[in-house]
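Trainee: Please take me through one part of this model in detail. I would like to look at the second largest cavity and what surrounds it.

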Amino acid sequence: MFLFSVLCSINCTPLTCFTMSSGSSDKISAVDLLVADHRQFRDLYNQAKAAKDTKERQRLANAIIDAIAPHSAAEEQILYPTIRNTAKDPNAADKSLHEHQQLKEALEGLRKTNPENPDFNRFLELSEKLLFEHVQYEESQVLPELKAVLKPDDLLQMGSLLQMAKKFAPKEPHPEAPLTPPLNMIAGPLAAFTDRIKEYAMGGKKSSNQVSS
């Protein structure tokens, strides 16, 4: 398959290549999967902006971060190495990675800020702005080009691989982590493990106690 050849010729791990070659029972196009995630993000931001209760705002901020962090990590591991070979713009992957870094820094600020702090709204609004500027670029340029180049079977394989990457991705922004393979292939699962250990230590749930005032 074209996608399998592209990724495995770059720098993906043996596990990644095995996953692609063996397939997955949950078949969804990479484009459909990513767009569905974007719609989920919009819904979460709308809920967070409308929420009045402090605990509910904290819960929704956590939900936003929990949804975006794995999505971003999966794109960095799977989508962006691919578009280095498929995008018309040679800088498309680097532009997207730069936008991810800015978003991660804003989300890290949101994660560390108590909803009662005025900076909470600033980080919420900034992360929303950065996210949907990135989404507009991705949906208007990156994904249409990807769909035009890859065959339907390749897009399904890519969708399966994105789903797999999201399962092993961190649930927090980690703006200090590497953005490109092969280091992000290693750092991502390690960060995810650390995030899960922190959740277990807190009784399996996040709390507003983890944020500063």
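Mentor: What follows describes that cavity, then the cores and some salt bridges.

The model is predicted. A search of the whole structure turns up 2 cavities of 30 Å³ or more, and the second largest holds about 40 Å³ of space. Its lining is made up of His38, Phe41, His71, Ser72, Glu75, His100, Leu103, Leu131, His134 and Val135. Two or more of these residues come from each of α3 (30–50), α4 (54–86), α5 (92–112) and α6 (118–149). By type, the lining has 4 nonpolar, 5 polar and 1 charged residue.

Now the nonpolar cores. The largest has 23 residues, and Leu79, Ile83, Leu146, Met158 and Leu162 touch the most other members. At least two residues of this core come from each of α3, α4, α5, α6 and α7 (152–167). Beyond its neighbours within four places in sequence, Ile83 is in contact with Ala92, Ala93, Val142 and Leu146. A second, separate core of 22 residues includes Ala67, Ile68, Leu103 and Leu131; Leu103 and Leu131 also line the cavity.

Salt bridges number 12 in the structure. In helix α5, Glu108 pairs with Arg111, with the closest N and O atoms 2.8 Å apart, and also with Lys112, at 3.5 Å from N to O. Arg111 lies 3 residues from Glu108, while Lys112 lies 4 residues from Glu108. Arg111 and Glu108 are both buried, with Glu108 at a relative accessible area of 14%, whereas Lys112 is partly exposed at 42%. Elsewhere, Arg42, Lys49 and Glu128 are linked in a salt-bridge network.

Conventions
Residues are numbered from 1 along each chain as its sequence is written. This is a predicted model: local features need pLDDT of at least 70, side-chain atom pairs count only at pLDDT 80 or more; totals for chains, interfaces and linings use all residues. Side-chain values use heavy atoms; hydrogens and water are left out. On a 1 Å grid over the protein atoms alone, a cavity is a set of points where a 1.4 Å probe fits but cannot get out, and a pocket is an open set with protein on both sides within 12 Å along at least five of seven lines; lining residues have an atom within 4 Å of a point. Grid points are joined across faces, edges and corners, and a volume is the space filled by probe spheres set on the points. Ala, Val, Leu, Ile, Met, Phe, Trp, Tyr, Cys and Pro count as nonpolar, Asp, Glu, Lys and Arg as charged, and the others, Gly among them, as polar. A nonpolar core is a set of buried Ala, Val, Leu, Ile, Met, Phe, Trp, Tyr and Cys residues joined through side-chain atoms within 4.5 Å. Buried means under 20% relative accessible area, exposed over 50%, partly exposed in between (1.4 Å probe, protein chains only). Contact means heavy atoms within 4.5 Å. A salt bridge is a side-chain nitrogen of Lys or Arg within 4 Å of a carboxyl oxygen of Asp or Glu.
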